[in-house]
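Q: Could you take me through one part of this molecule up close, and then show me how some other parts are put together? I work at the bench, so plain wording would help.

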Amino acid sequence: MFFQSLSLLILVATLLCSPAFALKKSYIVYLGSHAHPPHHISHAHLDRVAHSHRTFLASFLGSHQSAEDAIFYSYKRHVNGFAAVLEDSAAAEIAKHPNVVSIFLNKGRKLHTTHSWDFMLLEKHGVVHKSSLWKKAGFGEGTIIANLDTGVWPESKSFSDEGYGDVPARWKGSCHGDVPCNRKLIGAKYFNKGYLAYAKFPSNSTFETPRDLDGHGTHTLSTAGGNFVPGANVFGLGNGTASGGSPRARVASYKVCWPPFKGAECFDADILAAIDAAIGDGVDVISASVGGDAGNYMEDGMSIGSFVAVKNGVTVVCSAGNSGPKPGTVSNVAPWIITVGASSMDREFQSFVELSNGSRFEGTSLSKPLPEKKMYDLISAADCKAANASALQALLCKKDSLDPEKVKGKIVVCLRGDNARVDKGQQAATAGAVGMILCNDKASGNEIIADAHVLPASQINYEDGEAVFSYLNSTKDPKGYITAPNTQLHTKPAPFMASFSSRGPNTITPGILKPDITAPGVNILAAFTEATSPTDIESDNRRTPFNIESGTSMSCPHISGIVGLLKTLRPQWSPAAIRSAIMTTSRTRDNTRKPMVDATFHKATPFGYGSGHVQPNKASHPGLVYDLNTGDYLDFLCAIGYANKVVQLFADDPLYTCRTGANLLDFNYPSITVPKLTDSVTITRKLTNVGPPSTYRAYFRAPLGVEVSVEPKLLTFSKVGEEKMFQMTLQVKSAKALGYLFGELTWTDTKHHVRSPIVVELSS
């Protein structure tokens, strides 16, 4: 019997190692841009493009049929390439072909919300809608905003088309059958082939709908472009008139994210297909609250797709990521993307924790109140661990870690971290707890997030959590109480950087500061699906048309909505000009007029907030902008080392030649970053006037140990569109403080303040 089994194992191993059983993976073959006819692209032409892709692949696989079976996407309109299931050996051969820009694995990405795993909607009291300029822009009317996410819940009032006229004639998109279009929600498509190719299982009805079964897509799309909805609230909290950043914009949903598989939800092949479709459909803004590890620009679906979009005049806005506060974690770092970090706002959902010793700590929650107004027995989760659980597992309130006999009828004190915040409450409730106090770990600091817990609960900051644990250890009969949550406006300090928001420096191109900007991303109220509960816990039967979520997923669409307003108000501006206006008019001080801080209340830096916290009204009239065009981005690629042939294919211009002397230091980005400065460098920038005739003077705050000079110190502009150059020299004065240091440059005519962060890395 042993020898029979051994023979079978040898046979199986031999078969698996044979060519017929070689392991296949899903790849994207990127061929650069298309050389389409200048006018209408016919279906016949697109069919010829797809045929050319099959013919190309057939030359490697041996037959057209093999190529047709392998290809699951043919990118035909704006992106040129295809996605196919291939053996590694075939992929290696394809990579050698001179017409291939790159071939890379169909990578998976994550949604950037902290809700499942651990917005301010612009309400009637919000900053945007107080401005006559934004009213002049018609709140984004005429703009079309696309969202790449988990789909859309079309029944939400945020997507009502009441009061809307006809859909713009330029629109070429459509809606899938189970998501009806109207004059507000004008597009809804889904893209799943990359996900299914990676997961290697067949499709079913769950994967064949643009309907949002998760809530994330509805939340982000309504934040960017949701209509005005009076009386929006979450279980009675946060009541007000909700709206997206561009409430009168038309919106479209492109579903690219699906239930997590091996930690990934959104795949490059689907993202590229969605962006290609969105450009062709006629969108103005693409909002993408997804991301993964930063990588090679030519081997990244979001990077490639967004470049093609920007080349076609579409502004692309992406999340920075939720891997903070660790440095070097920022994603979506391509310089043609607007990359958004997350910060807090001056609204809290307060729920206080009271102890029998008289202590009272401010927390946050959306949960129901305790059944009685009295002091309850209080217990540390570590002191009520189940027999088969460790003290750490119990302290984190993990599944099956709590002993029901010790928990029943008490308020359990859990520690934040590892598993989902709402899951901790579920585990406490399952064990019989009457309530939960969730204490921040040290990394989370003062960032507390409002969740619709399944039991009465409140989350408190790290310092207050330490006090609660100290109290538990100091008394034999600890008791406590959790007050019912209430909405509090105008809280201070705000904004401050969320601990989860991914940080710079940019690990791919350290000479480009990322993120670019920060926007509200903590405790954001927006529309939600009614296909699942606000906690996404199976046993939670509650449904709510609005929900509160946190993450750079939530801050990204804030900027997308503001971009929509700017597109309406300033239609002649390029995507780069729009980004510059948003960046250079931002602020770095909070509502106490002190420098913004992070979640530990230490001073924040541009690696967290980029240029600063967005100020929409000021972005509408920045005075000057740092503009960029396609040629500038190609120069950028040459400057950082891409071969001329690769850039030619990327540009779809066989005559393109990398400009001699292309220098990253002279790339006209609105922020100024100099890594590894050892002596002296001079950078060049160009400013374009978008305001009235005026004279601007340069002011700067030099990074510590660096001497800064600017020439000329005055720039006079006589008309709109006029361009002026300046140079800034940075020279090491004292290298005592090695590492990254920060300063800023501001051009001002006293009415406009065009501010750029200066980031310098001093090295020995």
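In which sense, parallel or antiparallel, do strand β20 (residues 411–415) and β21 pair, and over how many bridges?

A: Happy to help! This is a predicted model, in which local features need pLDDT of at least 70 and side-chain atom pairs count only at pLDDT 80 or more, while totals for chains, interfaces and linings use all residues. Residues are numbered from 1 along each chain as its sequence is written, and side-chain values use heavy atoms, with hydrogens and water left out.

To your strands, then. β20 and β21 pair in the parallel sense, over five bridges. Two strands pair if DSSP finds at least two bridges between them. The strands, like the helices, are DSSP runs numbered from the N terminus: E over at least two residues for a strand, H or I over at least four for a helix. One of the bridges sets Leu415 opposite Cys439 in β21.

β21 covers residues 435–439, and five of its five residues are buried. Buried here means under 20% relative accessible area, exposed means over 50%, and partly exposed is in between, using a 1.4 Å probe and protein chains only. In a regular strand the side chains alternate between the two faces of the sheet. In β21, Gly435, Ile437 and Cys439 point one way, Met436 and Leu438 point the other way, and all are buried.

Antiparallel pairing turns up elsewhere. An open sheet of four strands runs in the order β2-β3-β1-β4, with antiparallel pairing. Because β2 (71–75) and β4 (102–105) stand at the edges with a single partner strand each, one side of each has no neighbour in the sheet. From one strand to the next, the twist averages 20 degrees. Even so, β2 is mostly covered, with four of its five residues buried. A hairpin of three residues joins β2 to β3, and the two strands pair over four bridges. Across this pair, Ile71 stands opposite Ala84 and Ser74 stands opposite Phe82. Helix α4 (residues 88–95) lies across β1 (24–33), β3 and β4, at about 145 degrees to β3. Such angles run from 0 to 180 degrees between N-to-C directions, with axes as lines fitted to C-alpha atoms, for helices over the stretch in contact.

Next, a pair of helices. Two packed helices are described by the angle between their axes and the distance between the axes. The axes of α9 (residues 301–311) and α18 (residues 630–639) come within 10 Å and cross at roughly 150 degrees. That makes α9 roughly antiparallel to α18; the cut-offs are under 35 degrees for roughly parallel, over 145 for roughly antiparallel, 65 to 115 for roughly perpendicular, and oblique for the rest. Phe307, Val310 and Lys311 of α9 meet Thr630, Tyr633 and Leu634 of α18, where contact means heavy atoms within 4.5 Å. The residues of this contact divide into four nonpolar, one polar and one charged. In that grouping, Ala, Val, Leu, Ile, Met, Phe, Trp, Tyr, Cys and Pro count as nonpolar, Asp, Glu, Lys and Arg as charged, and the others, Gly among them, as polar.

Helix α19 (residues 644–651) joins the picture, since its buried residues pack against β1, α9 and α18. Those buried residues are Val647, Gln648, Leu649, Phe650 and Ala651. Asp652 follows α19 and has a positive phi, near 55 degrees.

Three loop residues round off the tour. Thr143 sits in the loop between α5 (132–136) and β6 (144–149), and counts as buried because its relative accessibility is 2%. Its side chain makes a polar contact with the side chain of Thr568 at 2.5 Å, and a polar atom of that Thr143 side chain lies 3.0 Å from the backbone oxygen of Gly564. A polar contact is a pair of N or O atoms within 3.5 Å; within protein, one must be able to donate a hydrogen and the other to accept it, and residues adjacent in sequence count only if both atoms are side-chain atoms. Leaving aside residues up to four places away in sequence, Thr143 also touches others, including Arg170, Ala249 and Asp284.

Asn296, in the loop between β14 (290–291) and α9, counts as partly exposed at 32% relative accessibility. The side chain of Asn296 makes a polar contact of 2.6 Å with the side chain of Tyr642. Lastly, Gly236 lies in the loop between β8 (229–234) and β9 (237–242) and counts as exposed at 52% relative accessibility. Gly236 and Thr487 are 251 residues apart in sequence and 9.4 Å apart in space, C-alpha to C-alpha.
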